[in-house]
Amino acid sequence: MTAPDDAAAFLALQAVTTATLTTVLLKKGLRNVWIRGASPITPQAQRRVGRAFTLRFIPAREDLATPESWSSPRSTRAAIEQMPPGCIAVVDANGVRDAGFWGDILCARMARKGVAALVSDGVVRDLAGVLSTGLPIWAAGTAAPPSVAALTFVAWQQPVGCGGVAVFPDDVIVADRDGAVLIPAALLGEVVAQATEQEQLEDWIMQQVQSGAALPGLYPPDAGNRARYEAGKAAP
């Protein structure tokens, strides 16, 4: 799900931390972009960037949340078959932590389809098998019971609330060791530009700190340090 226009932006975001992104988005007035509960649980969970493919659960209702529902045309199995390569699956699991929204077989299918990562405020099950699939996962942990013990799957590719964050299909997700952050689709270009510049500035500041510079006037830079930074950028 990486369009030609996405390639350069996604490549740039591979060098931008989620910490930097939250700062840039905060400056643009967006405070609620870090998905609560979504922490890396797999060794493969290095930085991932992709468009969001959303999935939504609601609390379990006994006549709907049954093992038979897994064969329904409106099921997690059907949703996974619609996931394009390169997407990041964002699962709104209501923050439920006593039932795994899915496990190893579903993760294996996602990995086989080329899904970039899975991000959720819920938990997975069958951890040993999940780890063996190689799918990078950010979630709130693990639990043994199946999804239908606490959740009913209802839809995919609709707006969801995951970890307290509003996520729309095709928003951009960046996930690293600090968690997962949302970039609204309409803001991608300007966020990438500002975040790239911020990373470069902070790299320069770190060099100054390692050389013994004091923080006041350096972080954030005052006019004099800003001028020194800009001069260094302009130097051949």
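**Figure 1. Helices α6 and α7 pack at an angle of about 105°.** Their axes lie 11 Å apart. The model shown here and in the other views is predicted. Angles of 65 to 115 degrees count as roughly perpendicular, so α6 is roughly perpendicular to α7. On the α6 side, the contact is made by E197, Q200, L201, W204 and Q208. On the α7 side, N225, R226, R228, Y229, E230 and K233 take part. By class, this contact has five charged, three polar and three nonpolar residues.

**Figure 2. A network of salt bridges links E197, R226, E230 and K233.** Each of these residues also appears in the contact of α6 with α7: E197 from α6, and R226, E230 and K233 from α7. In one salt bridge, the side chains of R226 and E230 meet at 3.7 Å, N to O. Both residues of this pair lie in helix α7, which spans residues 223–234. R226 and E230 are four residues apart, about one turn of the helix. R226 has a relative accessible area of 31%, so R226 is partly exposed. E230 also counts as partly exposed, because its relative accessibility is 34%.

**Figure 3. Helices α2 and α6 pack at an angle of about 120°.** Helix α2 covers residues 18–27, and helix α6 covers residues 188–210. Their axes are 9 Å apart. The two helices are therefore oblique to each other. The crossing of α2 past α6 is right-handed. From α2, the residues in contact are T20, L21, V24, L25 and K27. From α6, they are V191, Q194, A195, Q198, E199 and E202. Sorted by class, the contact of α2 with α6 has five nonpolar, three polar and three charged residues.

**Figure 4. A salt bridge joins the side chains of K28 and E190.** The N to O distance is 2.5 Å. This pair links distant parts of the chain, 162 residues apart. K28 sits in the loop between α2 and β1 (39–40). E190 belongs to helix α6. K28 has 27% relative accessibility and so counts as partly exposed. At 36% relative accessibility, E190 is likewise partly exposed.

**Figure 5. The side chains of D63 and R61 form a salt bridge.** Here the N to O distance is 2.7 Å. D63 has a relative accessible area of 53%, and is therefore exposed. The cut-off for exposed is over 50%. R61, with a relative accessible area of 46%, is partly exposed. In total, the structure holds eight salt bridges. Among them are D63 with R61, K28 with E190, and R226 with E230.

**Figure 6. V209 of helix α6 and its contacts.** Leaving aside neighbours within four places in sequence, V209 is in contact with L215 and L218. Y219 lies 10 residues from V209 along the chain. The C-alpha atoms of V209 and Y219 are separated by 9.5 Å. V209 counts as partly exposed, because its relative accessibility is 32%.

Terms used. Residues numbered from 1 in each chain as written. Predicted model: local features only at pLDDT ≥ 70, side-chain atom pairs only at ≥ 80, totals over all residues. Heavy atoms only, no water. Axes fitted to C-alpha atoms, helices over the stretch in contact; angles between N-to-C directions. Parallel < 35°, antiparallel > 145°, perpendicular 65-115°, else oblique. Left-handed = near helix turned anticlockwise from the far one by under 90°. Contact = heavy atoms within 4.5 Å. Nonpolar A, V, L, I, M, F, W, Y, C, P; charged D, E, K, R; others polar. Salt bridge = Lys/Arg side-chain N within 4 Å of Asp/Glu carboxyl O. Buried < 20%, exposed > 50% of the residue type's maximum accessible area, 1.4 Å probe, protein only.
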